[in-house]
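Trainee: I should be grateful for a close look at a single part of this model. Please set it out as one connected account.

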Amino acid sequence: MKFRRFFAIILYKAIAKHMPLSDGKCSFGAKKLRYFCARQILPRCGNNVNIERKAQFAWDLCIGDNSGIGVNALISPNVIIGNDVMMGPDCMMFTSNHGMERMDIPMWRQASTAPEPIIIGDDVWIGSRVTILPGVHVGNGAVIGAGAVVTKDIPDYEVWGGNPARKLKSRKTDRQESVCEGRQD
């Protein structure tokens, strides 16, 4: 089992990571090869996962069914991605940061902060060039606009954008909420 994982890591880093985009006319089976590698490497890799070209991710990533990692993404350790998550290109998820508490030692010499996991819920759309910082939880059905820097939790079904990211609107309308609240099952 360790050999298979080791082989898959080498295969991903040397070949699969550099292959063409998954939906290109001449993809040469890139999507299938990257998916194969991910299934061997990751502790949880759902069905129909799409990992795009030049994506870098930690080997402890957990990713659900029908989810994708965008082109040139960078994902740190301690990240959980739910089912049906779409991710644009150049997204970054960081679970720790540089230490900066002491003034007598340069920041580059200080220890990193303790990792804080990032959790992405189900049915989330993460736009291109989004940065998600340590400890953030993104709720189910959330949308994060392109270029956003997410520094705090995003509740279910909310649309956020900006730097720092803030709530722009809710995907639930008053009518949808009242229909759901009044429903008797």
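Mentor: Two strands are taken as paired if DSSP finds at least two bridges between them; strands are DSSP runs of E with at least two residues, and helices are runs of H or I with at least four, both numbered from the N terminus. The model is predicted, so local features require pLDDT of at least 70 and side-chain atom pairs count only at pLDDT 80 or more, whereas totals for chains, interfaces and linings use all residues. Residues are numbered from 1 along each chain as its sequence is written, and side-chain values use heavy atoms, with hydrogens and water left out.

The part I have chosen is the open sheet, in which five strands follow the order β8-β11-β14-β16-β17 with mixed pairing. Because β8 (86-87) and β17 (166-170) each have a single partner strand, they form the edges, and one side of each has no neighbour in the sheet. Within the sheet, β14 (residues 143-144) and β16 (residues 158-161) run parallel and are joined by two bridges. Here I144 stands opposite W160 of β16.

Side chains add a further link: K167 and E158 form a salt bridge, with N and O 3.6 Å apart. The term denotes a side-chain nitrogen of Lys or Arg within 4 Å of a carboxyl oxygen of Asp or Glu. E158 is buried, at 13% relative accessible area, while K167 is partly exposed, at 46%. Buried means under 20%, exposed over 50% and partly exposed in between, for a 1.4 Å probe and protein chains only.

A second salt bridge joins D90 to R129, their closest N and O atoms being 3.4 Å apart. D90 lies in the loop between β8 and β9 (92-93), and R129 in that between β11 (125-126) and β12 (131-132), 39 residues apart.
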